[in-house]
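Dear colleague,

I am passing on the structure we spoke about, and my notes on it follow underneath. Please read them with the model open beside you.

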Amino acid sequence: MLHAIDRPRAFPCGPEGPPRNPSGIPGLLWAALAAALLVCGTAMASAAEKGTRIIRVFGPADTGAPVQSWESVEDPRGVVYVANLSGVLEFDGVKWRQIPTPNGSAVYSLAVSASGRVAVGAFGELGYLAPDETHTLRYVSLLDRLPKALQPLPEIRGTFATAEGFVFVSESHAFLWDEASGTSVKVLPAPAGDAFQKAFLVNGQVVFVTREGLLRLTHGTLEPLPGDRLPGRALVALLPVARGAGSESGKPEGTLLAADPQQGLLLLEGGRGTPVAPETSRWLVASEVALGLALPDGRFLFTTRRAGFAILKSDLTIDELFDADSGLPDPDVFSARLARDGALWLILRSSGLARLDLGTRVTQFDERNGLRGNVLGVARHKGRLFAGSSAGLFVWVPAESGRGTFRPVPGAGWAQYTLLVFGDRLLAGSARGVLEVSPEGAIPVAGTEGLRSYALTASRNDPSRVWVGHRDGLLVLKRSGSRIEVEDRLPGVKALVRSIAETSEGELFLGTVFSGVLRISFQPPIRPGPLGKPRVTALGGAEESYVALVDGRLLAASAIGSEGRVHFVDPTSSTLVPENGITGLLRGRYYFSVGEGRPGEIWVNTAPPSLLTRREDGTYRLDDRLLRDAPGRDVQMLVATPDGEMWFGNEEGLFRYDGSGEPPEREAPVPLIRRVEANGRVLYGGDGRIAALERPLAAGAASRMRFECATARFEPRAGIRYRYRLEGADDTWSLPTEEPVREYTNLAEGRYVFRVRAEDTASGSGASGETAIGFRVLPPWYRTWWALLAWALGLGLLVRWGLLLRDRALRQRNADLARRVAERTDELAAAVTELGKARAALEERNRALGEANERLTTLSYRDGLTGVANRRHLDDMLAQEWNRAFRAGTPISFVLADIDHFKKLNDSLGHQEGDVCLRKVAEVLAENARRSGDLAARFGGEEFGVLLPGAPEEAAFQVAETMRARLEALKMPHPASPLGIVTASFGVATFHPRDGGTAQELVASADEALYSAKKAGRNRVC
């Protein structure tokens, strides 16, 4: 078991190291700052083993736009807008959309008002987004409301939403537009001979930085900031710290925190700027500070051009640093914004838009932290963290700077499959035996050398005993004094053991790769002292299985085909009983192991891993969103710690989930209807301001209706399921689906309301509120009221005319009736006869077609001459068995055979005898490839290949030697051979896929061995 993980640390701040205190702030000012902040939250808990955060980057391949962006905002629905070189980018979590400006210029700044209106500042343009006739947001320019003398406009570098309206800022002018009144734009020029160097939104007002000092916009006019005596400051950030008592609401009175690219941090109070936090300031200046952001918890965030971004504590020391070592792909962070869900949106100069969840409980360790390979085991021993992977065993080494790293443990440079804390010892199951581990090195336990050990479990009933699962069964280790030695190799277990669970009743249950679940009962049961006689019983089928004591029960997880199953072991009968509650929640997902977290929690190695939490009624709630952002799919390891942490290992590294406390709750998001199309024509573009389509649809226009939805969730695997109902067509809601699209075809006339709900399956919060949009489909012209009236009049005339003709028609009909009945009877009898013949012919064709298909399938996988598998079948099976051997950690062998002097046989006896020889050789090889999975195939010409999955090298050599001897025993005549009979040479190769190599290299190795056999004199195995 793992122990507690360590606590917060500060990251380095340049050559001087991390800032330790806010020295340099005058006592009274610092007291005021501290009182204003009121200790607004604490820094995120960190640890000595603090990995990198998971950062999701949206580049040009995602957005379909250039990489250069400047700013991002979010409207009240959660839809994100990005100021980009190509215009405005709109992202709802499902799709990106580009909204260009009329002149095709770059957009530099954006702002969103409380009503949801998005204002846009661009090169030579200023305007806003508004819906067109289809309620699709388009750019609307405000240039026509500006004096002609001001055009062309310069760059609009700042856009702000205030109570007075939107404020657009260029270097020479500010423009105020009240969206509510829709009046003309008010022009505010910069002071004579001066310019607007920068502008900030502080406490709801726009504050301008000029060479002469700070100005604020109040009631449509510019006025100096009260008490300002800071001319010539080129500030890049101005953040509120506290408001002055008694000031008018909304005015930026009180203490402000400013960032100067030359001096660093300044505390502004009463018009004076006092340098503060000198160590942090030096780091900000050296890193070229670019932007500042005040966080809701009282901390501050500053981005830089050279070193990523940093989050400062309330005392202005660095709490967290996000740079290349933290997983940030670009150190030049142009801007940052905190989203409603607590995530941070970043604009990276060379990478695009990035999203980082500041509240995530997941951190990652990989090659950036010195950890290589697919992580298979983790343990904490004597305060040190160890991780085992396919690349070896690693130990975490902390550093004074706070940035520790994983380093290889000497003597353990091969695959490590499991770790076990055994009293005061740490044991590792590896590809070369069981190791006793310390940070200084690893030493094999005597008697286990060369034993590929996959599972280590300490006995519950005898604290001195350890069970070792390996590729050929079960080994028992015993601690005697200071020594750990082999006690027994348990007889009767011939299986690859990957997991072990021991019950309090003294029974063992083994999870195997090829033999399902094995139960081992001892007489007497397991207790301290000698082991009793074991009895082995197989439970279930032969599928790959994993056993674990979880949530007070013995569970067995199995991978069956493309999805997993969970059973529990009945304590009275020791039989496997389906656990339908868990299996039902995970239906359709692939997994093969389970693990226990905190009490009442079950973790399952789905992709991403799933957490099942037991409710009071005994059912489980599924949460699969906790590691959605984590990369990788093949989770091989689940390890829990006593303090609520959970460790996961996969091909992308090691992940730590801090499960202390309750998981954050979130409501299911209210879905958005983003687009409605009828026969490919857009009816509604998703601006959110419509409840029903204004124009009814003609009948033909509704033959294909398409509704696209979203939830403004931005995780890679958001766990959102949609339910749909078209009122007027559907009686009930649809089943949950991940597809955000619903289509309907051939709708009849009538009124409809399309409704959509969202469910967050991860949080189990149930269905969200619904979103609806109504529409009406008109009837076709022939069912309109005037058409129905015309049809009625015409029908009356037809009835009258019909009555006149009725009598004559009846008489003629009676006369013809008898004749027609006789004719139809004869025709019917002939038709029945022809139908019977046609049916018999069709059945005969179907039977012949089925037989032909069966022959064709057999021919596609069989060699036409020898009857064994052909090269195509051999290649397919080799690829499948190679992947299976990699996952199971088993060997795979390949034998390549070649008939000696075969060309001379054809030349001396003829090709017919050569064909007879090939068939007899194929029979000998096929007869000796008898195990399940073994395959003999014609490799090409006189060469044959034999695939032996799971066979170690010695067994493969024995099989090849048996084939060679039996072929020689046939004594088939071969006049051109030195021995006078037909013989063959054999090359054998055995690989362990987890140790490296490929299937093609296995075949090449067998070919080299065959060449050696021929070179050594033929008729032998090498």
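A disulfide is counted here when two cysteine sulfur atoms lie within 2.5 Å of each other. With that cut-off, a search of the whole structure gives 0 disulfides. Two of the cysteines, Cys709 and Cys917, are buried (under 20% relative accessible area, where exposed is over 50% and partly exposed is in between, with a 1.4 Å probe and protein chains only), Cys709 having a relative accessible area of 3% and Cys917 one of 2%.

Please bear in mind that this is a predicted model, in which local features need pLDDT of at least 70 and side-chain atom pairs count only at pLDDT 80 or more, whereas totals for chains, interfaces and linings use all residues. Residues are numbered from 1 along each chain as its sequence is written, and side-chain values use heavy atoms, with hydrogens and water left out.

The largest nonpolar core (buried Ala, Val, Leu, Ile, Met, Phe, Trp, Tyr and Cys residues joined through side-chain atoms within 4.5 Å) has 32 residues, of which Tyr81, Val88, Leu110 and Leu129 touch the most other members. Among the strands (DSSP runs of E, at least two residues, numbered from the N terminus) that each supply at least two residues of this core are S3 (80-84), S4 (87-91) and S27 (343-348). Once neighbours within four places in sequence are left aside, Val88 is in contact (heavy atoms within 4.5 Å) with residues including Tyr81, Leu110 and Leu129. Apart from this core lies another, of 28 residues, with Ile899, Phe902, Leu925 and Ala951 among them.

Two further strand residues may interest you. Phe322, in strand S25 (residues 318-322), is buried at a relative accessible area of 2%, and, again leaving aside neighbours within four places in sequence, the residues in contact with Phe322 include Arg53, Phe309, Leu356 and Leu358. Ser453, in strand S38 (residues 453-458), is buried with a relative accessible area of 0%, and its contacts, counted with that same exclusion of neighbours within four places, include Tyr417, Val434 and His470.

Finally, to the surface. Tyr782 is found in the loop between strand S63 (771-777) and helix H5 (785-861), a helix being a DSSP run of H or I with at least four residues. At 40% relative accessibility, Tyr782 counts as partly exposed.

With best wishes
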